[in-house]
Each structure stands twice: as C-alpha cells, then as structure tokens.
Amino acid sequence: MFITVKLKSFAKPLAAVCAAALLVFSVFAVFPNETVSVMGPYKGHTLLIDAGHGGVDGGAVSAEGIKESDVNLAIALRMSGLCELMGIEHQMTRDADVGCLNSESYSEHDDLVARANMANSIPDCVLISVHQNKYPSELVKGAEVMYAATPESRELGLLTQDNMVSVLDPENRRVAHSAPEELLLTSSVSCPAILAECGFMSNPQEAGRLANDDYQMKIAMTLVASYIQFSCQQL
C-alpha cells in the first residue's frame with residue numbers, strides 16, 4: 001500500500017522526517033504490556049493539535065527571550081508532519097505565528113472560545129493543546145499534563161504524562177491532574193482533551209532544551225505516540 005504524504009513546510013530533508021517517524025514507533029518500547037498496530041488504529045478519531053498562544057500573545061518568555069508561542073508552534077508543526085507521514089487524520093488550530101481568530105483585534109477569551117468551538121465542531125475529536133509553563137523560581141522544571149472533565153480525558157492525560165516522564169525526563173515526579181475549572185479551553189470542550197505543559201520557560205536549562213529542534217521533535221513524537229496508544233485502547 002502506498003501513502004502519498006505532503007509534509008509541512010517546517011520539514012527539512014525527507015530522510016530526517018522518516019527517521020523521526022521510526023523513532024515514534026520506538027517510543028512504544030517504554031509502554032508496558034501494549035500491543036500497537038500502526039496501520040490505522042486511530043481511524044474514526046480526528047486529532048486536533050492546538051499550538052497555544054500565537055500572534056500578539058507570546059505566552060511565557062524565557063530569560064533568553066524565547067517565546068512560548070514559538071516553541072508551541074514548532075512542536076505542533078512537527079506533530080502534524082508525523083501525523084501526515086503515518087496517515088493520521090488531524091487538524092491544527094493554527095499553523096503560523098497568529099492567533100486562532102483571523103482578526104486585527106485580539107481577545108484572549110475569544111481566541112480560546114474559537115479553539116474550543118473548533119474542537120466541538122469536529123466529529124470524534126481528540127484535542128491535544130501544546131503549552132509551556134512558567135514559575136517564579138527558576139529551579140522548577142518538568143512536563144505536566146492536565147486533562148479535561150470530559151469522558152476519556154483522564155485516561156489520555158495519565159498515559160501521556162507517563163510517556164513524557166519515561167521519554168523526556170525519568171526524574172520528573174510531576175503527575176497528571178484535572179485541569180482547573182477556570183481553564184477556559186479544557187472546560188469548554190465536549191471531546192477527550194488534554195493540555196500538555198511540556199516544560200518550564202522559567203528554568204534556563206529546560207528552556208534551552210525546549211528551543212532545540214531535536215528536543216521539540218522528541219516531544220512531538222511522544223505526544224503523537226500517546227495519541228496512537230490512547231486510540232488503540234478505545235478499540
């Protein structure tokens with residue numbers, strides 16, 4: 001069977017993208033007791049990849065001036081490229097340095113509502129929102145996943161957190177937890193949804209890794225692999 005793939009503009013040489021796809025499958029080595037078929041276990045779902053913030057809203061900024069919105073988008077584009085390579089049905093809330101709404105004026109509330117409305121309009125949607133964290137102390141680090149109150153969100157959140165710890169930082173002691181009610185995106189969707197805080201922009205070492213192309217691909221691989229694993233569990 002032949003699959004025609006149109007890669008996103010972020011992609012460098014095709015060989016690098018293919019190598020990354022192979023690494024997605026190697027990620028499953030850290031999933032205990034899982035049998036995974038890569039031939040369409042995710043059919044019936046549409047993955048909505050949400051790169052948090054964008055445009056005038058840069059989100060958290062590192063001490064070196066790295067914007068969260070840029071890191072989020074870089075990871076999201078890599079996720080999209082991997083999905084295209086493997087035939088995973090998906091959409092993106094944004095694929096450039098803009099907000100979700102095509103408007104000259106910016107409203108954080110309206111932007112988040114637009115993202116939630118997009119998720120709610122897609123049949124059998126699964127939402128993964130990509131974000132970075134920030135804290136007053138630069139010592140704090142580590143990926144942290146929050147899940148919506150909707151059915152199956154907790155399952156997706158728990159396995160994604162476990163995989164991010166195993167793949168990115170085995171010393172990370174953070175655990176997945178329910179998203180606070182005031183978090184508009186996760187409280188406004190009806191589909192399985194998680195918000196993945198992939199690291200802390202306020203931690204200099206972690207911020208440096210988050211700006212690294214290879215580390216961004218590693219995060220993207222882990223999130224896509226977690227989605228596939230979640231889809232397999234729904235069969």
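A disulfide is a pair of cysteine sulfur atoms within 2.5 Å. By that cut-off, this predicted model holds 0 disulfides. C191 shows how the count comes out. The cysteine sulfur nearest to that of C191 belongs to C125 and is 4.1 Å away. That distance is not within 2.5 Å, so C191 is in no disulfide. C191 is also buried, at 7% relative accessibility.

**Overall layout**

The protein has 7 helices and 6 strands. Along the sequence, the elements follow the pattern α-β-α-β-α-β-β-α-β-α-β-α-α. Of the 235 residues, 54% are buried. Among contacts with a separation of 6 or more, 80% join residues 24 or more positions apart.

**The sheet**

The 6 strands form an open sheet. Their order is 2-1-3-6-4-5, and the pairing is mixed. Strand 2 (90-92) and strand 5 are the edge strands. Each of these two pairs on one side only. Helix 7 (residues 213-233) packs on the sheet, where it touches strand 1, strand 3 and strand 6. The direction of helix 7 makes about 150° with that of strand 3.

Helix 3 (residues 108-121) lies across strand 1, strand 2 and strand 3 (125-133). Helix 3 runs at about 170° to strand 1.

**Strand 4 and its partners**

Strand 4 covers residues 144-147. Both of its faces are covered. On one side E144 and M146 are buried, and on the other V145 and Y147 are buried.

Strand 4 pairs with strand 6 (residues 193-200) in the antiparallel sense, over 4 bridges. Within this pairing, E144 stands opposite E197. Y147 has I194 in strand 6 as its bridge partner.

Strand 4 also pairs with strand 5 (residues 177-178). Here the strands run parallel, and 2 bridges join them. M146 stands opposite H177 of strand 5.

Helix 4 (residues 153-168) completes a unit with these two strands. Strand 4, helix 4 and strand 5 make a right-handed β-α-β unit.

**Positive phi in the loops**

Two residues other than glycine are listed below with their positive phi values.

| Residue | Phi | Loop | Relative accessible area |
|---|---|---|---|
| H53 | near 65° | strand 1 (46-51) to helix 2 (68-86) | 17% |
| E152 | about 75° | strand 4 to helix 4 | 33% |

Is H53 buried or exposed? H53 is buried, because its relative accessible area of 17% is under the 20% cut-off. E152, at 33%, is partly exposed, because its value falls between 20% and 50%. The loop that holds E152 joins strand 4 to helix 4, two parts of the β-α-β unit.

**F230 in helix 7**

F230 sits in helix 7. With a relative accessible area of 0%, F230 is buried. Which residues does F230 contact, leaving aside its neighbours within four places in sequence? They are V126, E152, L156, L159 and P192. E152 is therefore both a contact of F230 and a residue that counts as partly exposed. F230 and V126 are 104 residues apart along the chain. Their C-alpha atoms are separated by 9.9 Å.

**S188 before strand 6**

S188 lies in the loop between helix 5 (184-187) and strand 6. At 30% relative accessibility, S188 is partly exposed. Not counting residues up to four places away in sequence, S188 touches A116 and N120. The side chain of S188 also reaches the backbone oxygen of L184, at 2.6 Å. S188 and L112 are 76 residues apart along the chain. Between their C-alpha atoms the separation is 9.0 Å.

**In brief**

The open sheet has strand order 2-1-3-6-4-5. Strand 4 pairs with strand 6 in the antiparallel sense and runs parallel to strand 5. Helix 7 packs on the sheet, and its residue F230 is buried. The structure holds 0 disulfides.

Technical notes:
Residues numbered from 1 in each chain as written. Predicted model: local features only at pLDDT ≥ 70, side-chain atom pairs only at ≥ 80, totals over all residues. Heavy atoms only, no water. Buried < 20%, exposed > 50% of the residue type's maximum accessible area, 1.4 Å probe, protein only. Pairing = 2+ DSSP bridges. Right-handed = clockwise from strand over helix to strand, strands pointing away. Contact = heavy atoms within 4.5 Å. Polar contact = N/O pair within 3.5 Å; in protein donor to acceptor, adjacent residues only side chain to side chain. Axes fitted to C-alpha atoms, helices over the stretch in contact; angles between N-to-C directions.
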